[in-house]
Amino acid sequence: NRGGGKLVLVEPRAHAHGWSGEGPAAARRVSVDFNIADRFGMTQRVKDRANEVYRDYTQRKTLRGRKAVSVHAACLYIACLYEGAAHEFKEIAGGIKETTRREIYRSYKLISEELDGKLQMNAIQLKPWDLVPRICSRTGLPNELKRAAEQTVETFCKLPRASNTNHQPSTIAAGGVFLVHTLWSSPEKEDSLDDIAAASGIVGATVKASMREMLPFKDRIVPAWFLSQHTATANPE
């Protein structure tokens, strides 16, 4: 059953039941309708994996006292880690209004600690360049720029200096997209810092700061084929 955009528990016989007081045996009979996943365009594979995580956990622990929406959101995030899907914790947590980020994080910690061995074995580490296509798609940037940004971010991340950065993957990805965009010489070009920031979930000042860190390495990280075609000057101001 779908409940006004909320994540709800649904039983195969379509009889919704409460959260508190359900033990592991009851939980195993329940699947999760990840209504929220559609908002982020998550694949069926991610949804199926989230159900597996949920059932693995409920076979070991009771769900008594935990908010359903928080546990479901945590399972979605863990499923994204399993499948290497380009969705970060803050994006998922920020898109769910029925609970708090703190509650979702608590649920994530409980589940990940309980399933630690399995998670460590199967989770795919999200790389900054994995996030570039989503940012470019959301901002309507062309495929040429997307390819250049992916290569720019990946090359930057392989520099010895980059290994010391404290930036989140989404911050590095957004900075790379912004750098390539500033170099892009196109009559259709518009100032899209705000759009890039919104698409990545990062404030504009942080995107700009990330771009500034990359700028001194421009000739090393931006692909030559892109630089040869575009002569605009990158300006972080």
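The secondary structure of this predicted protein model comes to 13 helices and two strands, where helices (H or I, at least four residues) and strands (E, at least two) are DSSP runs, numbered from the N terminus. Of its 237 residues, 47% count as buried, buried meaning under 20% relative accessible area, exposed over 50% and partly exposed in between (1.4 Å probe, protein chains only). Among contacts with a separation of 6 or more, 75% are accounted for by residues 24 or more positions apart, contact meaning heavy atoms within 4.5 Å.

Residues are numbered from 1 along each chain as its sequence is written, and side-chain values use heavy atoms, with hydrogens and water left out. Since this is a predicted model, local features need pLDDT of at least 70 and side-chain atom pairs count only at pLDDT 80 or more, while totals for chains, interfaces and linings use all residues.

Select first helix H2 (residues 44-58) together with helix H3 (residues 68-83): their axes come within 8 Å and cross at roughly 120°. Axes here are lines fitted to C-alpha atoms, for helices over the stretch in contact, and angles run from 0 to 180 degrees between N-to-C directions. H2 and H3 are therefore oblique to each other, on a scale where angles under 35 degrees count as roughly parallel, over 145 as roughly antiparallel, 65 to 115 as roughly perpendicular and the rest as oblique. H2 passes H3 in a right-handed crossing; a crossing is right-handed if the near helix is turned clockwise from the far one by less than a right angle, and left-handed if anticlockwise. To display the contact, show Arg 45, Val 46, Arg 49, Ala 50, Val 53 and Tyr 54 in H2, which meet residues of H3 including Val 71, His 72, Cys 75 and Leu 76. By class, the contact of H2 with H3 has eleven nonpolar, one polar and three charged residues, with Ala, Val, Leu, Ile, Met, Phe, Trp, Tyr, Cys and Pro counted as nonpolar, Asp, Glu, Lys and Arg as charged, and the others, Gly among them, as polar.

From the start of H3, move to Glu 98, in the loop between helix H4 (89-94) and helix H5 (101-114). Glu 98 is partly exposed, with a relative accessible area of 28%, and lies 9.9 Å from Ala 68, C-alpha to C-alpha, although 30 residues separate the two in sequence.

Next, select H7 (132-139) and helix H8 (residues 143-157), which pack at an angle of about 150° with their axes 9 Å apart; that makes H7 roughly antiparallel to H8. The contact is made by Val 132, Pro 133 and Cys 136 of H7 and Leu 145, Lys 146, Ala 149, Glu 150 and Val 153 of H8.

Keep H7 and add H9: these two pack at an angle of about 55°, with their axes 9 Å apart, which makes H7 oblique to H9. Val 132, Ile 135 and Cys 136 of H7 make the contact with Ala 173, Ala 174 and Val 177 of H9, and its residues divide into six nonpolar, no polar and no charged.

Finish at helix H10 (residues 193-200), where Leu 193, Ile 196, Ala 197, Ala 199 and Ser 200 are buried. They cover an arc of only 165° around the axis, which puts them on the same side of H10, the arc being that of the directions from the helix axis to the C-beta atoms. On the other side of H10, Asp 194 and Ala 198 are exposed. What covers the buried residues includes H7, helix H9 (169-183) and helix H11 (204-214). After H10 comes Gly 201, whose phi is positive, near 75°.
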